[in-house]
Amino acid sequence: MPSSLLPAETAVPLDEGTLCAIVGSFPGAAMRLDAGGGIVAANPAAEELSGSDGAWLADVRHWLTSASVAPGVRAVPVEAARGAMVIEWSAVPLADGGALLLARDATLERQLRHTLTESRQRYKDLVEASSDFAWETGGDGRFVFVTPKGALGYGADALIGRHPRELCVEEWGDLPLPFDTQRPVDQSELWLKGADGSMSCVVASAVPLYSPSGRWLGARGVCRDITEQVMRSAELARVRNRERLLSHIVHTLRNQLDAGEALRVATAETARALGADGCRVYRGGGCGDGVAALEVMEDFCAATPPELAGAALMPLLEQAAVSDEPAAGAIGAYRLLACVTEHQQALNGALVVWRADDAEPWDDDDRHLIAGVADHIGIAHAHLAYQDRLRRLSERDGLTGLFNRRTFFERMGEQLERPDTGPSALLYVDLDNFKAVNDLHGHQQGDAVLKAIGTLLTGGVRPGDLPGRLGGDEFVLWVGRTDEDSARVVAERLLNGIAGLRHLSASPEKPLGLSIGIAVYHPGLGETVQELTDRADTAMYAAKGRGKGNYAFAGPYQPPSSPVPTDEAAESTP
């Protein structure tokens, strides 16, 4: 055992009373050791430590005996009753060769220091592992720290010393950025330019840095790249907008019972939805001739540009038909976008929109929208064709193709109501010796005769003339804007034409012929359709009574208030 724990030359002269007072009043653990390291006196805090685990005391003794100069301070771990502790001991050499030990509990401080070290390492690990871009700017607003792996395609070295405003896509002027903010910023969105010139949308959160005196030192924060989410959201918004516009157009097509009116409305709505100056709908193409058979059905524009008239658009329509997807092109001062329409994989029309060439080019959204509209217009074309077929079936005689009785009188009534109707003529035609054909040769031969009469009546008619079959072997022909002389020419043409059908007669003794009654209509007298028909019918019987194969004119119309003449003027062929 050494004669002294510490070098004698370092001893501090303290009397016994002072030593006892120090040990007793010290707020922490305090004890006095003799020259051999034994405990001479200890306060309650020191006794608590020495009563738990004495291993620490051996460490303290070794520390003291190995010190060649004043030992200073030594931290010693202690396993106390309340858990592991870290005690910092200060040793004061005494004149008797012993030492005065004063302790301070450094457990909390060590734990805090350890936690801080771990936090720094954790922060460093998180920053390096995160895809976010951590940064710090200095008092001049330039980067002084960035994530080691860099950002936006730049390395860390390329960003440090650079001003963040150089990376901004938009011109911010004097407006503060998250990089030079003087107040906390949370989730601020901005667009930055990458090293390759691409644009990235980032969300920045930052806090300002101040000196103790309140001077701004820069800012510190993190940026998260949300470009993919923004682009996905923008695409979703475009899809939803496209679906909304398409739904509106489809709703318009479905809510119109008349397919033709539905297409007219849809043409206007399509132009508006695409921001087009004009829209044109074609119909046809079902005969195998492709776009060459298409005809303009609807036009929506203030005035159709001359360069888009005629067959100028056919090459673009051919391109759309061959590629089976929307085709873009330019003609004159216009940008065009075309798409064909189909039903059951058969071409039945096309759709074309145009803008001035100084407008925005057509993009993928426009192509998707016009393709969606074309799908539904193709269905509308099919519905219109079906409606046309039903209309023809309801308006026409199934055998001859002439207007049936109901449709003929409706159309003739419309003609009589027109204010600009001039003198016109109604020819009431009855077949002579037709019953004999059916009786001798059967109804198949009779049908052939009726079809031939239908062809005879429609030959040479003008637009606005109405040929019809009333039923059986009775036919009518309305000839608009025709006086008595012109009506006579028509009747003689029919009589000459029936002569070419004599081979369909039942026999030479009963040749096919026509008996025609002609009633000339003069507007302004108030004559009704029924009255006009009755006059022509009466004239037909007059012609038949004078001998078959003749025509006769009805007398002039007499209003009901006028006396009816006993004889009707009639004229027949020789």
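Q: Arg-535 and Glu-527: buried or exposed?
A: Arg-535 is buried, and Glu-527 is buried too. This is a predicted model, and the values discussed here are computed from it.

Q: What forms between Arg-535 and Glu-527?
A: A salt bridge, in which the closest N and O atoms are 2.7 Å apart.

Q: How many salt bridges are there by this rule?
A: The count comes to 22.

Q: Why can side chains pair like that?
A: Side chains of opposite charge can pair when their charged atoms come close.

Q: Which residue does Asp-430 form a salt bridge with?
A: Asp-430 pairs with Lys-544, and their closest N and O atoms are 2.8 Å apart. Asp-430 sits in strand 16 (residues 424-432) and Lys-544 in helix 14 (residues 529-545), so this salt bridge ties together parts that lie 114 residues apart in sequence.

Q: Is Asp-430 buried or exposed, and what does Lys-544 count as?
A: Asp-430 has a relative accessible area of 8%, so this residue is buried. Lys-544 is at 24% relative accessibility and therefore counts as partly exposed.

Q: What about Glu-395, which residue is its salt bridge partner?
A: The partner of Glu-395 is Arg-411, with 3.4 Å between the closest N and O atoms. Glu-395 belongs to helix 9 and Arg-411 to helix 10 (residues 405-417); the pair links distant parts of the chain, 16 residues apart.

Q: Where do Glu-395 and Arg-411 stand on accessibility?
A: Glu-395 is buried, because its relative accessible area is 16% and buried means under 20%. Arg-411, at 26% relative accessibility, counts as partly exposed.

Q: Which residues are linked in a network of salt bridges?
A: Glu-16, Arg-32 and Asp-96 are linked in such a network.

Q: Switching to strands. What order do the 5 strands of the open sheet take?
A: The order is 12-11-15-14-13, and the pairing is antiparallel. Strand 12 (294-301) and strand 13 (327-331) are the edge strands, each pairing on one side only.

Q: How many degrees are neighbouring strands of this sheet turned against each other?
A: On average 25 degrees, with direction ignored.

Q: How many bridges hold strand 13 and strand 14?
A: Strand 13 pairs with strand 14 (residues 334-343) over 5 bridges, in the antiparallel sense. Within that pairing, Ala-330 stands opposite Arg-335 of strand 14.

Q: Which strands does helix 8 lie across?
A: Helix 8 (residues 314-323) lies across strand 11 (278-284), strand 12, strand 13, strand 14 and strand 15 (346-356). Relative to strand 14, helix 8 runs at about 50 degrees.

Q: And helix 9, where does that one lie?
A: Helix 9 (residues 364-395) lies across strand 11, strand 12, strand 13, strand 14 and strand 15. Its angle to strand 14 is about 45 degrees. Glu-395, from the salt bridge with Arg-411, is in helix 9.

Q: What does strand 10 pair with?
A: Strand 10 (residues 216-225) pairs with strand 6 (residues 133-137) over 5 bridges, in the antiparallel sense. Strand 9 (residues 199-210) also pairs with strand 10 in the antiparallel sense, over 9 bridges.

Q: Which residues of strand 10 stand opposite Glu-136 and Val-203?
A: Arg-220 is opposite Glu-136, and Arg-224 is opposite Val-203.

Q: What do strand 9 and strand 10 form, and how many residues are between them?
A: They form a hairpin with 5 residues between them. Gly-214 lies in the turn and has a positive phi of about 95 degrees.

How values were computed
Residues numbered from 1 in each chain as written. Predicted model: local features only at pLDDT ≥ 70, side-chain atom pairs only at ≥ 80, totals over all residues. Heavy atoms only, no water. Pairing = 2+ DSSP bridges. Helix = DSSP H or I, 4+ residues; strand = E, 2+ residues; numbered from the N terminus. Axes fitted to C-alpha atoms, helices over the stretch in contact; angles between N-to-C directions. Contact = heavy atoms within 4.5 Å. Salt bridge = Lys/Arg side-chain N within 4 Å of Asp/Glu carboxyl O. Buried < 20%, exposed > 50% of the residue type's maximum accessible area, 1.4 Å probe, protein only.
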